Amino acid sequence: MRRTGALAAEVLIRACEMVRVGVATDAIDQFVHDLAVANDAYPSPLGYRGYPKSVCTSVNEVICHGIPDSRVLCDGDIVNIDVTVYREGVHGDTSVTLMVGEVDEHSLRLVTQTRAALMAGIGAVRAGAPVSDIGRAIQSHAEKHRLGVVREFIGHGVGTEFHAGLQVPHNYDRNATTVLVEAMTFTIEPMLTLGSPRALMWDDDWTAVTLDGRRSAQFEHTLACCSDGAEILTQTSAGETAHALFPNPIT
Ligand code: MF3
Ligand code: CO
Ligand code: CO
C-alpha cells in the first residue's frame, strides 16, 4: 500500500504540473493513463463500473467524478484531479483541487479550507476511535469557514479493492460507530461547497454537480490507521504531495 500510494502521489504531482490555462482535461487523462502504464500500474478508474477514462477531472461546480473531455481550463477555474492507480495487487487513491490563474476570493477560501478540512479529518484518525470522529472534525472545520459538506459521496476502505467495505462520512454521523483498528487502510476525501451541498447527477450517470451551481472543492488521501494517528500512504518516498506542492493559484 505504501509503494502503490507513493506511485499515486507521484502521478498526481506530475498531472498537476500540466495544469495551466488552455490545457484540455482530456490531455491530463492521456498523460495519467500513459504514466500509470509506464510504471507497471493500471489506472483504476478506466472501465470501473463503466467509467470511460483514467482519471477524474472535476471543474468548478462539479463535485466529483467529472469525465475528462475537450474542455480547456480557463483563467479563474478550479479543477480537482483524482488519481487512482493499481499495482502490486492494491490501489492508491488521491486527489487535489488546483486553482487556475486568477481565482476569486471565495474560491481561494474554498480550496484552502477544503485542504485544511482533509488535514483535520486525518488528525482525528487513531486506533480505537470511531470512524465518526473523522466526519466530526471535518464538519466542524467546514462550519467554521461557512462551507457546506457534501453527504452523497464518502471516504472508503481501499486496498485490494478500489472501494472496500468501510464507509467514512465527511459529516458527523452518529451511526458511524465502526471502530478504527491498526493497519486499516481507507480514504478521506471531503467535498466542501460555497453554497448548498446538495448534489445533482448529470445524465452521463457520473458527473456530480452542485444543485445551486456554486463551486465545490475536494482533497483526498489514502491512509493507514496507526496506534497513535494516521500514516499518509499517498506521498512520495521523499514525503512530497501535490497537496503541499500546489497550495497557490497556478499562473
Ligand atoms: N477516485 C474516486 C474516489 O475517490 C473514484 C472514482 S470512480 C471512477 O473514490 F470510476 F469515477 F473513476
Ligand atoms: Co476515493
Ligand atoms: Co479518488
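This is a short walk through a ligand and the two cobalt ions beside it in the lettering of the record. The model is predicted, so local features need pLDDT of at least 70 and side-chain atom pairs count only at pLDDT 80 or more, while totals for chains, interfaces and linings use all residues. Residues are numbered from 1 along each chain as its sequence is written, chains are lettered from A and ligands numbered from 1 in written order, and side-chain values use heavy atoms, without hydrogens and water.Start with ligand 1. Its space is the largest pocket. A pocket here is an open set of points on a 1 Å grid over the protein atoms alone, where a 1.4 Å probe fits, with protein on both sides within 12 Å along at least five of seven lines. A molecule sits in it if more than half of its atoms lie within 2 Å of its grid points. Around ligand 1 are 14 residues, and Pro45, His156, His163, Glu189 and Glu220 come nearest. To count as near, a residue needs a heavy atom within 4 Å. The shell divides into six nonpolar, four polar and four charged residues.

Now look at the polar contacts, which are pairs of N or O atoms within 3.5 Å. A side-chain N or O atom of Glu189 is 2.7 Å from an oxygen atom of ligand 1. For Glu220, the distance to a ligand oxygen is 2.9 Å. For Asp93, it is 3.1 Å. The protein covers 97% of the 340 Å² of accessible area that ligand 1 has on its own. That area comes from the Shrake-Rupley method with a 1.4 Å probe.

Turn to the metals. Donors are N, O and S atoms within 2.8 Å of the metal (3.2 Å for Na, K and Ca), and water is not among the atoms, so sites may look incomplete. The cobalt ion (ligand 2) has protein donors from Asp93 (OD), His156 (NE2), Glu189 (OE) and Glu220 (OE), at 2.0 to 2.2 Å. Along the chain, their spacing is D-x62-H-x32-E-x30-E. The cobalt ion (ligand 3) takes its protein donors from Asp82 (OD), Asp82 (OD), Asp93 (OD) and Glu220 (OE), at 2.1 to 2.3 Å. Here the spacing reads D-x10-D-x126-E. Asp93 bridges the two cobalt ions, ligand 2 and ligand 3, which lie 3.3 Å apart.

Why is the site of the cobalt ion (ligand 3) irregular? Its six donor atoms subtend angles of 58 to 168 degrees, which makes the arrangement irregular. Six donors count as octahedral if opposite donors are over 155 degrees apart and all others between 65 and 115. The site of the cobalt ion (ligand 2) is irregular, with angles of 52 to 162 degrees among six donor atoms.

Definitions and conventions. A polar contact is a pair of N or O atoms within 3.5 Å; within protein, one must be able to donate a hydrogen and the other to accept it, and residues adjacent in sequence count only if both atoms are side-chain atoms. On a 1 Å grid over the protein atoms alone, a cavity is a set of points where a 1.4 Å probe fits but cannot get out, and a pocket is an open set with protein on both sides within 12 Å along at least five of seven lines; lining residues have an atom within 4 Å of a point. Ala, Val, Leu, Ile, Met, Phe, Trp, Tyr, Cys and Pro count as nonpolar, Asp, Glu, Lys and Arg as charged, and the others, Gly among them, as polar. Four donors count as tetrahedral if all angles lie between 85 and 135 degrees; four count as square planar and six as octahedral if opposite donors are over 155 degrees apart and all others between 65 and 115; anything else is irregular.
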